[in-house]
Amino acid sequence: MNQDTFNIEIRKFLKLVGVTSQREIEKAVEEALAAGQLKGGETLSARMVLTIEGLGVVHEIKGGIALE
C-alpha cells in the first residue's frame, strides 16, 4: 500500500462528503424555512454515519447545527 496515495484518497473522499453534505443541509434548511417548518433560530440535531463496506466499519457522529 502506498501511504501517500491512501492519504490523498481519504482526503478527496472527505472533501466530497463535506461539500455535498453542506449543500444538502443548506437546501433542506432553505426549503424548511420557506415552508414555515423552521423559524430560523433553532438548533438542529444532526447525525452522520460513515460505513466502509468490506471492513465492517460503522462510525457515527452526532452534533448540532445552530441556525442563529
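**Close-up views of a helix and two strands**

**Figure 1. Alanine 46 and its contacts in strand E1****.** Alanine 46 is partly exposed, with a relative accessible area of 29%; by this scale, residues under 20% are buried, those over 50% are exposed, and partly exposed residues lie in between (1.4 Å probe, protein chains only). The model is predicted, so local features need pLDDT of at least 70 and side-chain atom pairs count only at pLDDT 80 or more, whereas totals for chains, interfaces and linings use all residues. Residues are numbered from 1 along each chain as its sequence is written, and side-chain values use heavy atoms, with hydrogens and water left out. Alanine 46 belongs to strand E1; strands are DSSP runs of E with at least two residues, helices are runs of H or I with at least four, and both are numbered from the N terminus. Leaving aside residues up to four places away in sequence, alanine 46 touches Ile61, Lys62, Gly63 and Ile65, a contact being heavy atoms within 4.5 Å. The C-alpha atoms of alanine 46 and isoleucine 61 are 8.3 Å apart, although 15 residues separate the two in sequence.

**Figure 2. A network of salt bridges links Arg47, Glu60 and Lys62****.** Side chains of opposite charge can pair when their charged atoms come close. In a salt bridge, a side-chain nitrogen of Lys or Arg lies within 4 Å of a carboxyl oxygen of Asp or Glu. Arginine 47 pairs in this way with glutamate 60, and their closest N and O atoms are 3.8 Å apart. Arginine 47 is part of strand E1 (residues 43–52) and glutamate 60 is part of strand E2 (residues 57–66), so this pair ties together parts that are 13 residues apart in sequence. Glutamate 60 also forms a salt bridge with lysine 62, where the closest N and O atoms are 3.5 Å apart. Arginine 47 counts as exposed at 56% relative accessibility, and lysine 62 is likewise exposed, at 64%. Glutamate 60, at 39%, counts as partly exposed.

**Figure 3. Lysine 12 and glutamate 9 form a salt bridge in helix H1****.** What distance, N to O, is found where the side chains of lysine 12 and glutamate 9 meet? The distance in this salt bridge is 3.0 Å. The two residues stand three positions apart in helix H1 (residues 3–34), which means that about one helical turn separates them. Glutamate 9 has a relative accessible area of 41% and is partly exposed. The structure holds three salt bridges.

**Figure 4. Alanine 66 in strand E2****.** Alanine 66 touches Glu42 and Thr43, when residues up to four places away in sequence are not counted. Alanine 66 and glycine 40 are 26 residues apart in sequence, while their C-alpha atoms are 8.9 Å apart in space.

**Figure 5. The whole chain as context for the close-ups.** From the N terminus on, the order of elements is α-β-β. The C-alpha atoms fill a box of roughly 50 × 20 × 20 Å along the principal axes. The radius of gyration of the chain is 16 Å, whereas a compact globule of 68 residues would have one near 11 Å; the radius is taken over C-alpha atoms, and the globule rule is 2.2 Å times the number of residues to the power 0.38. Of the 68 residues, 6% count as buried.
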